[in-house]
Amino acid sequence: MTYAEAVARLLALRGGEYAGMRPGLERIEALLDALGHPERGYTLAQVGGTNGKGSISAMLAAMLHAEGRRVGLYTSPHLVSFRERIRVDGEAIGEDAVVDGVEALGTLIARVDATVFEASTALAFDHFAHERVEVAVLEVGLGGRVDSTTVGQPAAAVLGPIDFDHQEFLGDTLTAIAGEKAAIFRSGTALSAAQPPEAEAVVVAQAARAGVPLLMEGRELTVTLRARDLHGQRIDCAGPGWRLDDLRLGLLGTYQPANALLAVAAARVLGVGERAIRAGLARARWPGRFELRRREGGWLVLDGAHNPAGARALAASLETYFGEAPITLVIGVLRDKDAAGILRPLLGRVRRVILTAPRSARAAPPEDLRALVPASMPVEVASTVGQALAAAEEGSRSAVVCVAGSLMLVGDALRHLDGDEKPCPVEKSADSIDSLH
């Protein structure tokens, strides 16, 4: 079996790529049981929430790596290569290891009727065991209560901000959504971002019900911004009995200091020292989340904002970093997403819109989005992100071009720009970290 055949076999499972999630833990438990429960061989840290969970996971893994721990990182979805989902010490799983893992799972996948996400999660756990990791950082796929990553007993469970998304699975109220997500609080230490009141009540109650200590932003945990520019941010973080001043944060975006606070606090729970926290936080990268690239005459922003809360955070970051600079928005969304809610906060920050679609059967036709854009705003339609990016450089060019609306669209843009499917890096080398002046 080749690597391409192995990935194709996974993505052909129930649900298909990016849609292969089905509530219930019985299938992942059956897969792990057949594999000899690899998840019991290392410490677990689980990260959930609506937005920010990938960034938190990447920062936490980078700090653990800087401490000298052998660390596994499992995230989803991928942007360019399936290999991005499973990493050890920042390095993506090798093609041969994917093939070996799929062959090891063999008929087990069919026997339990596993989804893409369940099979990928089992593959990750098994790979981490073979690689003898000491800690595995697991990003929740959907919700939390019955997500495939909710196995074993995590030493730290982290919740990023809770907001509306995936209501068809999680419920139509923040109370219901928070109930699904807070269920990852079941052992170890619980950590949470500041939450809306109705979500906070559920989070606090779940931690108490599980009998675990809860550290919450704005209560036990605080973060203060010192400075930010297009090279990075400097922040102060504090928690019960500790304070770390002037930390260098490599990730951009107005929302990242709060995410970094949770990652730093979780790292401390897991025994990471100050030196490694500083090094890992400066080194961590998370592609496709307010990722900046230089282009002739300005900047290209790649951001996978795919729900209203993510779009509001992106709009705030565009205003903070670029002020009144003219912006062209290249946007494409999936049919099951709140396109109007995503567009609304962004339209107030841009001067021109190019509608396109990610390469997916679930993509909303760009023509269907036209009615959501004010008639007074210049709008074009492009069939691919490559054509959209080319169109953005024609006519009245903007200082900033922003690609947003879907992680799949950002992945398409990265493939177009880089011309390959090499896994996106999640750590920057120590000697290449820019200084923040």
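How many salt bridges does the structure hold? The total is 22. The model is a predicted one, and the tour below visits some of these contacts before turning to a charged patch on the surface.

**First stop: a linked network.** Select R226, D236, R243 and D245, which are joined in a network of salt bridges. Centre the view on R243 and display its side chain together with that of D245; the two meet in a salt bridge with an N to O distance of 2.8 Å. Next, add D236, which also forms a salt bridge with R243, here with the closest N and O atoms 3.9 Å apart. This contact falls within the 4 Å cut-off for a salt bridge.

Is D236 buried or exposed? With a relative accessible area of 9%, D236 is buried, because buried means under 20%. D245, in contrast, is partly exposed, at 30% relative accessible area.

**Second stop: E393 and R397.** Move the selection to E393 and R397, whose salt bridge has its closest N and O atoms 2.8 Å apart. Colouring by accessibility shows E393 as partly exposed, with a relative accessible area of 31%. R397 is likewise partly exposed, at 38%.

**Third stop: a negative patch.** Finally, select E95, D96, D100 and E103 and switch on the surface; these residues form a negative surface patch. Which helix contains E103? E103 lies in helix α4, which covers residues 95-112. The relative accessible area of E103 is 42%, so this residue counts as partly exposed. That value also satisfies the patch requirement of over 30% relative accessible area.

Definitions and conventions:
Residues numbered from 1 in each chain as written. Predicted model: local features only at pLDDT ≥ 70, side-chain atom pairs only at ≥ 80, totals over all residues. Heavy atoms only, no water. Patch = residues over 30% accessible without salt bridge, like charges linked within 9 Å, V, L, I, M, F, W, Y side chains within 5 Å. Areas by Shrake-Rupley, 256 points an atom, 1.4 Å probe, with all protein chains shown as cover. Lys, Arg positive; Asp, Glu negative; His and termini not counted. Charge placed at Lys NZ, Arg CZ, Asp CG, Glu CD. Helix = DSSP H or I, 4+ residues; strand = E, 2+ residues; numbered from the N terminus. Buried < 20%, exposed > 50% of the residue type's maximum accessible area, 1.4 Å probe, protein only.
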